[in-house]
Amino acid sequence: MTIAPRATYIVVARHPLDAAVSLFHQLDNIDSAPIRQPSGGPEPDRQRLSLLRWIGTEAPAQEERTSLPGVMRHLSDAWARRGEPNVVLLHYEDLSADLEGEMRRLAARLGVTVPDELWAALVKAATSEHMRAAADRLQPLGIPLKSNAAFFRRGTSGLGRELLTSAEFARYHARTARLASPDLLAWLHRQNEAEGAPEP
């Protein structure tokens with residue numbers, strides 16, 4: 001991909017399994033017939049089936065950006081460019097753990113000066129709780145949703161791993177190992193996942 005030298009590209013990466021669960025809920029929240037969503041049964045079962053389909057999809061990366069190959073292609077490109085002055089790569093876990101610190105780091109990278117007295121209000125405005133409370137004003141999709149607040153549904157991590165058996169979790173890791181470099185995957189996955197996921 002060709003990037004414009006005068007633009008700054010901000011890429012926020014998340015554990016792919018959690019991103020896939022979030023995608024499931026976003027599609028489920030669209031106020032129309034579900035889009036390629038498993039139907040019937042309890043929500044955890046539908047989530048798990050959706051996640052297994054997502055892990056196993058062979059959709060070409062260039063044809064479906066939200067597929068696992070598409071996500072890995074996008075993040076691999078950002079990872080390869082992370083040393084460039086106009087590419088900023090952030091991790092969702094870092095934003096969750098230290099929102100103010102990451103916001104200050106981003107402001108510094110962008111050359112934005114923020115008066116000290118404004119930081120507390122800005123950080124509060126960027127929290128999931130605040131955005132959920134103001135969802136009718138902030139929901140960015142521009143399409144009818146069943147619930148605007150559900151767009152900012154949970155904001156926590158780990159559910160993707162919780163939905164899979166150890167064998168399914170191992171299958172996910174084997175698939176991502178074919179799609180991305182070990183250093184990117186180590187940064188992306190963060191937590192020590194050697195023990196695998198608990199059996200449901």
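**Helix α11 and the nonpolar core**

Good morning. I begin with helix α11, whose buried residues pack against five elements: β1 (9–13), α1 (16–28), α3 (68–80), β2 (87–91) and α10 (166–179). Please bear in mind throughout that this is a predicted model.

Helix α11 itself covers residues 182–189. Which of its residues are buried? They are L184, L185, W187, L188 and H189. Just after the helix comes R190, which takes a positive phi of about 60°.

Let me turn to the core. In soluble globular proteins, nonpolar side chains tend to be buried together. In this model the largest nonpolar core has 25 residues. The residues with the most contacts inside this core are L17, L51, W54, I55, M72, L75 and W187. At least two core residues come from each of β1, α1, α2 (43–56), α3, α10 and α11. Which element gives the most to the core? That is α3, with 6 residues.

One residue of this core deserves a closer look, namely L75. If its neighbours within four places in sequence are set aside, L75 is in contact with V11, A13, L184 and L188. Of these partners, L184 and L188 are buried residues of α11.

I now come to the aromatic rings. How many aromatic pairs does the structure hold? There are 2. In one of them, the ring centres of W79 and W187 are 5.4 Å apart and the planes stand at 40°, so this pair is tilted. Because W79 belongs to helix α3 and W187 to helix α11, the pair ties together parts that are 108 residues apart in sequence. Both W79 and W187 are buried.

The other pair is formed by F169 and Y172; their ring centres are 6.4 Å apart and their planes are at 20°, so the pair is stacked. Here both residues lie in helix α10, 3 residues apart, which is about one turn of the helix. F169 and Y172 are likewise both buried.

Finally, I mention two arginines placed over aromatic rings. R82 lies over the face of W79, at 3.7 Å from the ring centre. The ring of W79 therefore has R82 over its face and is also paired with the ring of W187. R14, for its part, lies over the face of Y92, at 4.2 Å from the ring centre.

To close, I return to W187: this buried residue of α11 is among those with the most contacts inside the largest nonpolar core, and its ring forms the tilted pair with W79. Thank you for your attention.

Terms used: Residues are numbered from 1 along each chain as its sequence is written. This is a predicted model: local features need pLDDT of at least 70, side-chain atom pairs count only at pLDDT 80 or more; totals for chains, interfaces and linings use all residues. Side-chain values use heavy atoms; hydrogens and water are left out. Buried means under 20% relative accessible area, exposed over 50%, partly exposed in between (1.4 Å probe, protein chains only). Helices (H or I, at least four residues) and strands (E, at least two) are DSSP runs, numbered from the N terminus. Contact means heavy atoms within 4.5 Å. A nonpolar core is a set of buried Ala, Val, Leu, Ile, Met, Phe, Trp, Tyr and Cys residues joined through side-chain atoms within 4.5 Å. Rings of Phe, Tyr and Trp (its six-membered ring) pair if their centres lie within 6.5 Å; planes under 30 degrees apart count as stacked, over 60 as edge-to-face and the rest as tilted. A charge sits over a ring if NZ of Lys or CZ of Arg is within 6 Å of the ring centre and within 35 degrees of the ring normal.
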